[in-house]
Structure formats: C-alpha cells, structure tokens
Amino acid sequence: MKRSRLTQAAVAVTVAAGLVLAGCADADLAGGEKQTRLSVLATDVPQIQTLKKLTKRHFTAETGITVDYTLLPENEAREKMNREFATQAGTYDVASVSAYEVPIYADNGWLAPLDAYVKADEDFDQDDVFANLESSLTGDDGKLYAEPFYGEGSFLMYRKDLFRKDGLTMPANPTWKQVADLAAQVDGSEGASGICLRGLPGWGQNLAPINTVVNTFGGAWYDMDWNARLTSPEFRKAVGFYVDLVRSHGQPGPERMGVLEILDSFVEGKCAMMYDATSLASSIEADSSPVKGKVGYVPAPHEKTDKAGWLWTWAWGIQQVSEHKDAAWEFISWASSKEFQELVGREVGWTSAPAGNRKSLYEKPEYQQAAGAWYRQEYTAATDSADPKDPGVGPRPYTGIGFLGIPEFAVLGTAVSEQIAAAIAGRQSVDAALDKAQDLAQAAAAKYRGE
C-alpha cells in the first residue's frame with residue numbers, strides 16, 4: 001500500500017490543495033508537511049498485537065500517519081467504546097467494532113459510511129471479502145459501515161495425542177452428548193481437564209458459546225411475541241448441560257476464565273478439548289506453543305440442528321465525528337488488506353495472519369501449508385456456520401447466533417451472563433439463575449411487546 005492510494009482515489013486531502021489531514025496531534029515533518037496522528041481503540045488480542053508491532057515500520061513509514069493504539073481486554077474495550085460512540089466524544093478516530101455493534105451504531109449515526117472510500121479504492125478489492133461478513137457490517141440503509149480485520153466461526157479443538165493414548169476417537173461431526181462423554185473419559189489424562197469452556201461473565205464471554213448450545217438444543221430467548229423463554233425446557237436443558245459439563249470436567253475456577261484464559265490453559269496442555277473461536281488456532285499452532293501439531297479440529301458440536309457455532313468479526317469502523325476520516329480509511333485499507341495478510345505471513349508467519357475475512361488467503365499455498373491442520377475447518381466455519389437469521393429450531397423475532405441483534409442485549413446479556421457465572425461457580429442453581437434471567441429478559445423486551 002502506498003501513500004498515493006488515496007490521492008489517486010481522489011479522496012485524500014492534499015497539502016498542495018492547502019488542506020492537511022489533521023490528527024489528534026500534529027508534528028512538523030521535513031518540507032513543512034504535517035504528520036497525521038490517529039487514535040485507535042481495539043481489543044487486546046494476538047492479531048491486533050501483531051498489527052501494532054508492524055504499524056510504525058510499515059504503515060507509518062509509507063504514509064506518514066502515526067497510529068496511537070489503546071488496547072484493552074474485550075469487556076473493558078467494549079464498555080469504553082460504547083461510552084465513546086454514544087457520546088460521540090471524538091477521542092478515537094477508529095475502533096474495532098464487532099458484528100453486534102455495527103448495525104446498532106450505524107442506526108444511531110455513530111459510524112461513518114465507507115462506501116465512497118471502498119468505491120474509490122480499487123486496490124482494496126471488496127469482492128474478496130467474505131459476503132456474510134460484509135452483510136453483517138452493513139446497516140439497514142444498505143451502506144457499509146466497517147471492514148473486517150478478521151472473521152471467525154467456532155469449532156472444537158482436541159488433543160489428538162491424549163485421545164490416542166486413551167484409545168478415544170473424535171467423531172467427524174460430534175454432538176454435544178458425544179463431547180460430554182469424551183470429556184468424562186479423557187478428564188485427568190496427563191493432568192489435563194476434559195474440556196475448557198468460557199465461564200467469565202460478559203455477553204461476549206460465556207454467553208457466546210452458551211448461546212450456540214441454546215440454539216442447537218432448540219432454545220430461544222424470545223418467542224415471536226417477544227415473551228421471554230429463558231425458563232423453557234429447552235433453554236434450561238442447554239444451560240444446565242453447559243454448566244454441568246464445565247463444573248464436572250472443565251478447568252478449575254471456570255467462572256473467572258474468559259477466552260484468553262482458556263486459550264492459555266489449552267496451549268499449556270491443561271485441557272484435552274476446547275470449544276471456542278477458530279481464530280485461536282493460530283496461537284495454538286504457533287512455533288512457541290507446547291501443543292503445536294498435537295491438536296485436531298472438528299466442527300462446532302450440534303444437537304437438534306445440523307449446524308452450530310457462531311459467526312463473528314472484529315472490524316474497523318470510523319467514528320462519525322472524527323475529523324480525520326481520510327487518514328482513518330487509509331489505516332483501515334491497510335489493516336484489512338490482502339497486502340497486510342501477506343506482510344504478516346512473510347515477517348511473522350502465515351499462521352499469525354488475520355484470517356476468516358478474505359477468500360484469497362485460503363487460496364494461498366503458503367497459508368494452506370502453514371495452517372494445514374485447521375484451515376479447511378476454519379474456512380467452513382467462517383462461510384457455512386449457523387445462519388444468523390435462523391440459527392436454531394423454530395422462528396424467533398431477533399437475529400444473531402452468539403448474541404441477540406437488539407440494543408438492549410449489551411446490558412441484558414451481561415446481566416444474564418453474571419447469573420450463569422454464579423451457577424458455574426456453584427453459588428446458585430441453574431434454575432435459580434434462569435428464573436432471575438427470565439425476569440431480566442422479560443423486562444428488557446417490554447417495548448417490543450408494546451408495553
């Protein structure tokens with residue numbers, strides 16, 4: 001990517017025209033040009049850590065744009081982002097928004113549409129982006145509001161060496177019942193827990209996998225009249241199953257462990273199985289990983305549905321009030337590009353390239369070779385996961401797989417996740433947790449029932 005990209009696309013502001021791309025702070029460069037500074041808020045995950053390490057030496061060197069990152073754990077990043085965008089404070093130019101936030105933020109006018117930039121920036125190759133991710137980042141007005149940095153589905157990861165040692169076979173397309181039986185049999189093998197699952201409160205933490213279990217067990221949060229269904233037999237059975245599985249054969253202290261914590265446990269050899277995001281495979285298969293080459297990958301477990309799992313993306317969006325939208329797009333165009341994936345492949349390793357967002361990555365022999373253990377399952381999970389519009393059994397008035405696509409879910413989901421985490425910790429029963437969650441869900445949907 002070159003600085004001339006935006007100029008050629010007629011969307012950058014040039015110094016010659018008497019205008020300067022202004023950032024949060026400017027510094028004089030040789031020749032009197034101003035250096036642009038962008039502020040970026042993002043989740044602290046390995047892919048973005050890699051992006052941060054490469055930014056100065058490549059993006060800033062090529063464009064003159066300095067990027068100041070604020071990286072936070074997911075729950076903290078989301079809380080800060082919600083405050084920032086709701087108030088349109090303008091502290092950050094770009095944020096890593098998700099498939100949940102984008103439609104809501106777009107509807108409120110908090111994100112800048114990207115269509116004009118995409119149209120002018122031919123090098124970006126929007127047609128290469130997975131269509132399902134592009135759809136999830138498109139507002140009700142048909143405009144595109146974010147570009148995926150990486151996308152993910154979910155799958156089941158398991159220690160092939162431990163399974164061989166214990167004479168166990170992983171089915172090619174396992175059900176949750178089969179997974180639970182295997183977890184019981186492999187639990188304790190070489191000191192490993194049977195399975196690692198998220199238990200940490202947060203709608204993007206324990207509820208992400210729990211909702212996929214609810215969907216495939218036949219449960220739903222609401223019926224078509226927006227009456228809460230969290231105490232239905234299907235919902236109770238799904239949550240009871242998850243809580244019992246993690247309490248009986250999961251990692252110690254599961255209520256304190258989110259995605260990063262269980263990833264660490266799995267990489268350290270403390271888990272025989274883990275159900276979580278496809279994006280974690282690159283860390284599992286990293287050269288420094290003690291379990292590299294020992295892990296097998298199969299589709300997300302199902303029960304009453306043929307497919308399960310989730311569809312997710314962390315994407316880059318521009319805050320509507322940002323005064324630096326041209327520079328912000330130049331950053332997004334670089335960070336979400338095919339060229340950036342190739343850069344990571346060359347300099348860091350192909351298993352570290354942000355995946356799940358572009359078709360072309362899966363056509364590269366280098367990626368196929370490096371990610372040979374999982375790239376086929378990753379591609380399938382990203383392109384053929386459960387349908388966000390119909391993820392379970394029977395109709396429902398909302399969209400979403402691991403979340404509900406309504407503004408109230410950020411607060412509702414967090415509150416419900418806390419009740420379930422208390423059940424995971426053994427502080428209350430599943431029935432007690434869901435009785436409280438039912439009341440929360442019923443109150444949250446009052447306006448949809450016309451009350």
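**Helix pair and three-stranded sheet**

Helix H17 (residues 409-424) packs against helix H18 (residues 430-444) at an angle of about 175 degrees, and their axes lie 8 Å apart. Angles over 145 degrees count as roughly antiparallel, and H17 and H18 are therefore roughly antiparallel to each other. The model is a predicted one. It also contains an open sheet of three strands with antiparallel pairing.

**Contact between H17 and H18**

- Helix H17 contributes Leu412, Ala415, Val416, Gln419, Ile420 and Ala423 to the contact.
- Helix H18 contributes Val430, Ala433, Lys436, Ala437, Leu440, Ala441 and Ala444.
- By class, the residues in the contact of H17 with H18 are eleven nonpolar, one polar and one charged.

**The sheet**

- The strand order in the open sheet is E7-E6-E8, and the pairing is antiparallel.
- Strand E7 (273-277) and strand E8 (295-299) are the edge strands, each of which pairs on one side only.
- On average, neighbouring strands of this sheet are turned by 30 degrees against each other, with direction ignored.
- In general, the strands of a sheet pair through backbone hydrogen bonds, in either a parallel or an antiparallel manner.

**Pairing of E6 with E7**

- Strand E6 (residues 154-159) runs antiparallel to E7 and is joined to E7 by five bridges.
- Ser154 has Ala277 of E7 as its bridge partner.

**Helix across the sheet**

- Helix H11 (residues 259-267) lies across E6, E7 and E8.
- The direction of H11 is at about 140 degrees to E7.

Conventions:
Residues numbered from 1 in each chain as written. Predicted model: local features only at pLDDT ≥ 70, side-chain atom pairs only at ≥ 80, totals over all residues. Heavy atoms only, no water. Pairing = 2+ DSSP bridges. Helix = DSSP H or I, 4+ residues; strand = E, 2+ residues; numbered from the N terminus. Axes fitted to C-alpha atoms, helices over the stretch in contact; angles between N-to-C directions. Contact = heavy atoms within 4.5 Å. Parallel < 35°, antiparallel > 145°, perpendicular 65-115°, else oblique. Nonpolar A, V, L, I, M, F, W, Y, C, P; charged D, E, K, R; others polar.
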